[in-house]
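This briefing sets out selected structural features of the model shown below. The points are grouped by topic for reference at the bench.

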Amino acid sequence: MRISTPGRICFFGEHQDYLGLPVIAAAISRRISIDGDYRNDDQIILHLPDLDQKIEFSLMETFPYIIQRDYFRSTINVLKRKGLVFSKGFECTIHGNIPINSGTSSSSALIVSWAHFLDKMSDNPANFSQKELGEIANAAEVLEFGEPGGMMDHYSTAIGNVIYLESTPEIYVEALTPKLGTFVLGDSLEPKDTLGILSRCRYGMEDVIKKVTQYDPYFSIFKTQMAQSSDYKKLLSQDELSLLQANIDDRDILLQGKALLSQNVEEAGTAEFDKELGSLLYRHYKNLRDHKRTSTPKIERMMDAALSAGALGGKINGSGGGGCMFVYTPNNAEEVAEAIDAAGGKSYIINVDSGTRIEE
């Protein structure tokens, strides 16, 4: 059995899902695959040549967890609780070409692939849907270890293509099917500063919402309009006000992006469509750069180089403080990729791709 699952980029809603706001994400044509077969004993043997690692354990020894974020064991435990039975072990080789630790959800793609493989190779396959595989991966990566984390990475890698995801008041996932051209992903090769960025973008913004709501009980991050934000000038520092306004604007950018990506196929894919998508992505990037401060000087150089080479717009991807950026470039991807490389990044020409799948 060979299973593969894509990485993902976030179009709109970056640093908003933990505030309860929706996101739009897309699967990309960089994937992680698991290729394996049964063994005649209860051993799980996983070869990870990309990382020069080998992992071995018994199906009888999946708890307690041995290492931090013990995802291979946790996925088995989640599936056992769902009634799957494993009477034989497996030997697998895991390969991937998704940039690691760069905000493109390589870990979520790995867990979705593993969950999909285990379901198909169990004694009693449940044949979970792509959406269900995303939920299983979230349980194995986030819930099992009591860690904070939304559903975007797991749903977008499992379901594939472009998805719109709401988490409040309940989970709602909608598949979008826009006709999209080529993107270029640029890895800054800088480590992400996830905790540092979260302290500002999440905890800082949660403090702002608390202050504003105590002053104005009718305030809503979901509905309050930009014009109304000036009412809170005396309450907030300039820095806090800019963070609030950036989040309101990013919320509105997402709604415009959803309307654009939901157009009929005949309307999508035109020069006007492409230009508007690029413009919305870059508007989102400027809020992330100037107000949420998730960009870096190197990523700014990569972005400027890509735009100068003809990209229509783009944004930093993931938690930020390093990691990846991407740009929309339906007409001249090679030139844009070369410009990103010349600015010190590592480029990948990508397209939107399907979700987790069985490979022939």
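Helix α1 (residues 71-81) packs against helix α2 (residues 106-121) at an angle of about 45°, and their axes lie 10 Å apart. An angle of about 45° makes α1 oblique to α2, because it falls neither under 35 degrees nor within 65 to 115 degrees. The model is a predicted one, and the points below begin with this helix pair before turning to strands, a sheet, a loop residue and a further helix.

**The α1-α2 contact**

- The crossing of α1 past α2 is right-handed.
- On the α1 side, the contact is made by Y71, F72, T75, I76 and L79.
- On the α2 side, the contributing residues are L110, I111, W114, A115, L118 and D119.
- By residue class, the contact of α1 with α2 comprises nine nonpolar residues, one polar residue and one charged residue.

**Strand β1 and its partners**

- Strand β1 (residues 2-12) is largely enclosed by the rest of the structure, because 10 of its 11 residues are buried.
- Nine bridges pair β1 with strand β2 (residues 23-38) in the antiparallel sense.
- Within this pairing, I3 has I34 of β2 as its bridge partner.
- β1 also pairs with strand β12 (residues 357-358), again in the antiparallel sense, over two bridges.
- In the pairing with β12, S4 stands opposite R357.

**The four-stranded sheet and its helices**

- Four strands form an open sheet in the order β9-β10-β8-β11, and their pairing is antiparallel.
- The edges are β9 (313-317) and β11 (346-350), each of which pairs on one side only.
- From one strand to the next, the twist averages 20°.
- Strand β8 (residues 183-187) and strand β10 (residues 324-328) run antiparallel and are joined by five bridges.
- Within that pair, V184 stands opposite V327 of β10.
- Helix α7 (residues 271-290) packs on the sheet and touches β8, β9 and β10, with its direction at about 40° to that of β9.
- Helix α8 (residues 297-308) also packs on the sheet, touching β8, β9 and β10; the direction of α8 makes about 15° with that of β10.

**E14 in the β1-β2 loop**

- E14 lies in the loop between β1 and β2.
- E14 counts as buried because its relative accessibility is 5%, and the cut-off for buried is under 20%.
- Although E14 and H284 are separated by 270 residues in sequence, their C-alpha atoms are 8.4 Å apart in space.
- Beyond its neighbours within four places in sequence, E14 contacts H284, L288, K292, K315, I316, N317 and G318.

**Helix α4 and its surroundings**

- Helix α4 (residues 152-159) is mostly covered, with seven of its eight residues buried.
- The buried residues of α4 are M152, H154, Y155, S156, T157, A158 and I159.
- These buried residues pack against three strand and helix neighbours already introduced, β1, β2 and α2, and also against α3 (130-141), β6 (162-166) and β7 (172-176).
- G160, just after α4, takes a positive phi of about 80°.

Definitions and conventions: Residues are numbered from 1 along each chain as its sequence is written. This is a predicted model: local features need pLDDT of at least 70, side-chain atom pairs count only at pLDDT 80 or more; totals for chains, interfaces and linings use all residues. Side-chain values use heavy atoms; hydrogens and water are left out. Buried means under 20% relative accessible area, exposed over 50%, partly exposed in between (1.4 Å probe, protein chains only). Two strands pair if DSSP finds at least two bridges between them. Axes are lines fitted to C-alpha atoms, for helices over the stretch in contact, and angles run from 0 to 180 degrees between N-to-C directions. Angles under 35 degrees count as roughly parallel, over 145 as roughly antiparallel, 65 to 115 as roughly perpendicular and the rest as oblique. A crossing is left-handed if the near helix is turned anticlockwise from the far one by less than a right angle, and right-handed if clockwise. Contact means heavy atoms within 4.5 Å. Ala, Val, Leu, Ile, Met, Phe, Trp, Tyr, Cys and Pro count as nonpolar, Asp, Glu, Lys and Arg as charged, and the others, Gly among them, as polar.
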